[in-house]
Amino acid sequence: VLIVAAGTGEFEAGISKNGQTREHALLAFTLGVKQLIVGVNKMDSTEPPYSEIRFEEIKKEVSSYIKKIGYNPAAVAFVPISGWNGDNMLEVSEKMSWFKGWAVERKEGKADGKCLIEALDAILPPSRPTDKALRLPLQDVYKIGGIGTVPVGRVETGLLKPGMVVVFAPANITTEVKSVEMHHEALVEACPGDNVGFNVKNVSVKEL
């Protein structure tokens with residue numbers, strides 16, 4: 001969610017050459033965030049308050065900028081909100097009766113709604129690459145008394161299960177996974193996105 005301040009002068013500062021609105025939108029796209037929602041916040045402090053003209057002006061400016069970065073504005077929900085007063089956050093605000101709702105079009109289908117929470121619910125969950133080979137970049141390796149060597153990292157692709165035989169690179173060591181844990185709970189399998197620790201047989205910390 002890209003939050004844009006609608007207050008006089010605030011939006012202008014954010015969308016200026018080195019402004020945060022530009023920076024955050026560019027960062028999101030660069031980091032691979034495919035789906036975007038724009039929350040036009042502080043609608044209570046526009047001139048006059050809850051101004052439709054101001055909202056449309058901001059929507060037009062931000063649409064044109066995010067299009068240059070690589071987003072399709074038709075797939076982006078623009079929602080006028082006031083976080084301070086709770087307008088259009090969870091429930092429709094009577095103060096912006098002019099707002100007929102947001103609508104997005106994307107190849108997976110259309111969605112529409114009135115509030116920010118509905119725009120969040122309309123985000124499509126990414127598919128996890130569980131069908132690919134196991135890839136798990138190691139963040140650290142611990143030696144835990146009574147358990148042994150425990151490498152730690154996040155599963156990027158594939159699945160990690162106890163009993164699996166895995167290969168560590170670049171050391172080229174092959175060993176069996178004894179157990180897999182996340183947040184101190186044993187797992188039957190770890191999926192992409194899970195930060196896990198797993199216990200391996202007959203491998204020292206130094207070898208890894």
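Thr149 is placed in strand β7 of this predicted model. With a relative accessible area of 7%, Thr149 is buried, because that value falls under the 20% limit for a buried residue. Leaving aside residues up to four places away in sequence, Thr149 touches Val141 and Tyr142, then Phe198, Asn199 and Val200, and further Val203, Ser204, Val205 and Leu208.

**Domains and nonpolar cores**

The domain assignment divides the chain into domain 1, covering residues 2-122, and domain 2, covering residues 138-200. The centres of domain 1 and domain 2, taken over C-alpha atoms, are separated by 41 Å.

In soluble globular proteins, nonpolar side chains tend to be buried together. The largest nonpolar core of this model has 34 residues, of which Val38, Met43, Val62, Ile66, Val79 and Trp102 touch the most other members. At least two residues of this core are supplied by each of β1 (2-5), α1 (10-15), α2 (20-30), β2 (37-41), α3 (52-69), β3 (77-80), β4 (102-106) and α4 (116-121). The largest share, 6 residues, comes from α3. Another core lies apart from this one; it has 13 residues, among them Val155, Val196, Phe198 and Val203. Of these, Phe198 and Val203 are also among the residues that Thr149 touches.

Met43, one of the residues named above for the largest core, has contacts spread over several parts of the sequence. Not counting residues up to four places away in sequence, Met43 touches Ala6, the residues Pro49, Tyr50, Ser51 and Phe55, the residues Pro80, Ile81 and Ser82, and also Met96 and Trp98.

**Sheet and hairpin**

Strands of a sheet pair through backbone hydrogen bonds, either parallel or antiparallel. An open sheet of 3 strands is found in the order β1-β2-β3, and its pairing is parallel. β1 and β3 are the edge strands, each pairing on one side only. On average, neighbouring strands of this sheet are turned by 20° against each other, direction ignored. Between β2 and β3, which run parallel, there are 4 bridges. Val40 has Pro80 of β3 as its bridge partner; Pro80 is also one of the residues touched by Met43. Helix α3 lies across β1, β2 and β3 and runs at about 150° to β3.

A further pairing joins β4 to strand β5 (residues 109-113), in the antiparallel sense and over 5 bridges. These two strands, β4 and β5, form a hairpin with 2 residues between them. The bridge partner of Val104 in β5 is Ala111.

**Salt bridges**

A search of the whole structure finds 7 salt bridges. Three individual pairs are listed below with their N to O distances.

| Lysine | Acidic partner | N to O distance |
|---|---|---|
| Lys95 | Asp87 | 4.0 Å |
| Lys161 | Glu189 | 3.7 Å |
| Lys201 | Glu176 | 3.5 Å |

The two side chains of the first listed pair fall into separate burial classes. Asp87 counts as buried at 6% relative accessibility, whereas Lys95 counts as partly exposed at 48%.

The pair of Lys161 and Glu189 forms a salt bridge between two loops. Lys161 lies in the loop between β7 (148-154) and β8 (165-168), and Glu189 lies in the loop between β10 (185-186) and β11 (195-200), so the pair ties together parts that are 28 residues apart in sequence. Lys161 is partly exposed, at a relative accessible area of 35%, and Glu189 is partly exposed as well, at 32%.

Lys201 and Glu176 form another salt bridge. Lys201 lies in the segment after β11 and Glu176 in strand β9 (residues 173-182), so this pair ties together parts that are 25 residues apart in sequence. Lys201 counts as partly exposed at 33% relative accessibility, and Glu176 is partly exposed with a relative accessible area of 31%.

Beyond these pairs, Glu12, Arg54 and Glu57 are linked in a network of salt bridges. Within this network, Glu12 falls in the residue range of α1 (10-15), and Arg54 and Glu57 fall in that of α3 (52-69).

Notes
Residues numbered from 1 in each chain as written. Predicted model: local features only at pLDDT ≥ 70, side-chain atom pairs only at ≥ 80, totals over all residues. Heavy atoms only, no water. Core = buried A, V, L, I, M, F, W, Y, C linked by side-chain atoms within 4.5 Å. Buried < 20%, exposed > 50% of the residue type's maximum accessible area, 1.4 Å probe, protein only. Contact = heavy atoms within 4.5 Å. Domains from an automatic or database assignment. Salt bridge = Lys/Arg side-chain N within 4 Å of Asp/Glu carboxyl O. Pairing = 2+ DSSP bridges. Axes fitted to C-alpha atoms, helices over the stretch in contact; angles between N-to-C directions.
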